[in-house]
Amino acid sequence: MKTQYYTATSLDGFIATENDSLEWLFALADLSESSYPEFIAEVGALAMGSATYEWMIRNATKVSQETGSPWPYTQPTWVFSNRDLPTIDGADIRFANGGVDQFHSEMRAAAGTKNIWLVGGGDLAGQFYDVGLLDELIVQIGSVTLGKGKPLFPRRALSSNLKLKSVTQMGESMAELRYEVHKKHENKEAEQGGTPQPPVPC
């Protein structure tokens, strides 16, 4: 079971526009022709930030056109927010107010043998990374630039923490990169148990 940040980004590193819109992405790829069907079949629980959740509520019609449902998930979803947000009829939504590490074991229990998907945004995925709970980044890069917007992953992660596992072209507009995340405590243990490692250049 893995905790995965599966997302799409523009060439210049933004997952959404300044007003959290994802419409730039819909023109680039067909979900049925991407890795999404295989990916979502192995997902047992979701984590989502409040901005992503609110965007889905505001754009329920567009989401329905692209996915077939205004709320296309059957899995339980933890929405991280310190505000009161509306619920969605028929959706298993669980609002979480607190650190991501406080809810991870609950999410793991719900997911069973399947994976946890960090839907977004980037700062939420970064919070899982900060406490050593992020296992994999799956990033689909689209052939578009946004200029500014919501960043893909607003954290400093050196190459010693991210190991590229695969690169896959998806049509003429997307490329998918998969990274394994080496946990910070694993790196510290390796350094303590062997020859001191040279500093990684910034």
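1. Let's start with burial: in this predicted model, 42% of the 202 residues of the protein chain count as buried. The accessible surface comes to about 10800 Å², and 49% of that belongs to carbon and sulfur atoms.

2. Next, the overall build. The protein chain has 7 helices and 10 strands. Its radius of gyration is 17 Å, close to the 17 Å that the globule rule gives for 202 residues, so the chain is as compact as a globular protein of that length. The C-alpha trace spans about 55 × 40 × 30 Å along its principal axes.

3. Now look at who touches whom. Among contacts with a separation of 6 or more, 74% are between residues 24 or more positions apart.

4. The aromatic rings deserve a good look, as the structure holds 14 aromatic pairs. One of them joins Phe-39 and Trp-117 edge-to-face, with 5.3 Å centre to centre and 85° between the planes. Phe-39 sits in helix α2 and Trp-117 in strand β6, so this pair ties together parts that are 78 residues apart in sequence. Both Phe-39 and Trp-117 are buried.

5. Tyr-53 and Phe-95 also form an edge-to-face pair, at 5.8 Å centre to centre and 85° between the planes. Here helix α3 supplies Tyr-53 and strand β5 supplies Phe-95, so parts 42 residues apart in sequence are tied together. Tyr-53 is buried, at 0% relative accessibility, whereas Phe-95 is partly exposed, at 35%.

6. Try finding these rings together in the viewer: ring pairs link Tyr-6, Tyr-36, Phe-39, Tyr-53, Trp-71, Tyr-73, Phe-95 and Trp-117 into a cluster.

7. Finally, charge: there are 17 positive and 25 negative side chains, and the centres of the two sets lie 5 Å apart.

Definitions and conventions: Residues are numbered from 1 along each chain as its sequence is written. This is a predicted model: local features need pLDDT of at least 70, side-chain atom pairs count only at pLDDT 80 or more; totals for chains, interfaces and linings use all residues. Side-chain values use heavy atoms; hydrogens and water are left out. Helices (H or I, at least four residues) and strands (E, at least two) are DSSP runs, numbered from the N terminus. The radius of gyration is taken over C-alpha atoms; the globule rule is 2.2 Å times the number of residues to the power 0.38. Buried means under 20% relative accessible area, exposed over 50%, partly exposed in between (1.4 Å probe, protein chains only). Contact means heavy atoms within 4.5 Å. Accessible areas come from the Shrake-Rupley method with a 1.4 Å probe; for residues, only the protein chains shown count as cover. Lys and Arg count as positive and Asp and Glu as negative; His and the chain ends are not counted. The place of a charge is taken as NZ of Lys, CZ of Arg, CG of Asp or CD of Glu. Rings of Phe, Tyr and Trp (its six-membered ring) pair if their centres lie within 6.5 Å; planes under 30 degrees apart count as stacked, over 60 as edge-to-face and the rest as tilted.
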